[in-house]
Amino acid sequence: MPDVFDKCRDWETHRIFKSAGLYPFAPAVEEVRSPSEVRVGGRWIIMAASNDYLGLSADPRVQEAAREAIGTRGTSCSGSRLANGTHVLHLELEERLAAFLHREAALALSTGYQTNLAVSALLGGDEVVLSDQDNHASLRDAVRLGGAVERVFRHNDMEHLRWLLADTRPGTGVLIVTEGVFSMAGDMCDLPRITELAGRYGARLMLDCAHDLGVLGAAGRGVPELLGLESGVDLVMTTFSKSLASLGGALAGEADVIDYIRHWASPAVFSAAMTPASVAAALKALDIVESEPEHRERVMRNAARLREGLRDLGYEAGQAPTPVVPVHVGDFMLCLRLWRALFDAGVFTGAVIHPAVRQGREMIRISATAAHTDAQIDRIVEAFGEAGRTVGVIGSRGAGRSR
Ligand code: PMP
């Protein structure tokens, strides 16, 4: 009988990583001086891969709230939301989020990943989910878990989405699922067209705002607020692991829908609730999002400075004004080598390779945060100049084009 463990012993990607001297691929952070400066392998380097967009994980008010919650409520809720794990803090966070997002209700779960999985409770039978090709893995997994039919439209291709809507059997329930800001390439969905199509065909729309909540829109309510289209979105999802400097996630929408998910979603029923510290940190970060827009302004300024510097070097660094700055490489090994050269130069970025993106779309992903200083942004750009020339992704005078 074949051994199911055999594949683990001779795993090609693993071998390639090792032979290229790139293992362990994700180095462990030893100490954190600020969200933009960490110690790895004994060296202090610039963190350019963290999604702590507003830099709030280092905010003393957020840290104190987490400490206080541990002191009064302990380190764990030791039970699921539907059993013993719900504390008044969870309810407070849900009420605050619902009010912030102008929705009837919200449900908070332990991770963003699980929050998306919870949408599986709504899906089943011959219902159809129309998913953008670049949707996060958790959104794709939710459809599989729910057992609905998934039809994937080409990334942001509205003609393809329209065709799929028109091709759906009349009488079938349809949920369109996409992201406000796409996690890897940092571009935005075409929300005006999507809301128009959803309305025209009677489909529901769910939007994952993991990367835009807290950052985009005058009040930080993400892409729907930025574009004035909040009423066209039926279900908003976000995580707390990015702008809200914590761990967890939430769905917000109609009270009946949220209650249904609360009672039927496996992550709410069968997995432990967010820890008190995570809830308290998210609550405090939400206060700051609501009262201090300067962090949003700072991160957007940093992202613009970064994109401009990279473009001057000849890189393709994305067009959308979001904190996610994708540096297109388009080749697996080249991407890993560039990542390594950047790391050696003291900049910790994200190497985005298959299966996080399609083959040929490999990139280095940088997250600008409000914590980066101008000097750090300039140093990141400088390192991209040095590393890109060493690896050969830009020309020797920095005037080439990234491939
Ligand atoms: N949705 C998107 C778009 C994401 O990028 C991520 C994580 N990067 C998640 C959901 C999952 O969130 P979390 O990491 O907080 O579980």
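Two strands pair if DSSP finds at least two bridges between them. Helices (H or I, at least four residues) and strands (E, at least two) are themselves DSSP runs, numbered from the N terminus. With that in hand, let's walk through the model. It is a predicted one, in which local features need pLDDT of at least 70, side-chain atom pairs count only at pLDDT 80 or more, and totals for chains, interfaces and linings use all residues. Residue numbers start from 1 along each chain as its sequence is written.

Start with strand E3 (residues 43-47), which has two partners to look at. On one hand, strand E2 (residues 37-40) runs antiparallel to E3, joined by 4 bridges, with Glu37 opposite Ile46. The hairpin of E2 and E3 has 2 residues between the strands, and Gly41 there takes a positive phi near 55°. On the other hand, E3 pairs in the parallel sense with strand E12 (residues 347-348) over 2 bridges, and here Ile46 faces Val347.

Next comes an open sheet of 7 strands, in the order E4-E10-E9-E8-E7-E5-E6, with mixed pairing. E4 and strand E6 (149-153) sit at the edges with a single partner strand each, so one side of each has no neighbour in the sheet. On average, neighbouring strands of this sheet are turned by 20° against each other, direction ignored (axes are lines fitted to C-alpha atoms, for helices over the stretch in contact, and angles run from 0 to 180 degrees between N-to-C directions).

What about the edge strand E4 (residues 105-109): buried or exposed? A residue counts as buried if 20 or more other C-beta atoms, placed from the backbone, lie within 10 Å of its own, as exposed if 12 or fewer do, and as partly exposed in between. By that count 4 of the 5 residues of E4 are buried, so the strand is largely enclosed by the rest of the structure. Its partner is strand E10 (residues 249-253), which runs antiparallel to E4 and is joined to it by 5 bridges; Leu107 stands opposite Leu251 there.

Further along the sheet, strand E7 (residues 174-179) and strand E8 (residues 204-208) run parallel, paired over 5 bridges. Ile176 has Leu205 in E8 as its bridge partner.

Finally, have a look at helix H12 (residues 276-291). Its 16 residues reach 23 Å from first C-alpha to last, close to the 22 Å expected at 1.5 Å a residue (the expected span is 1.5 Å times one less than the number of residues). H12 is mostly covered, with 13 of its 16 residues buried.
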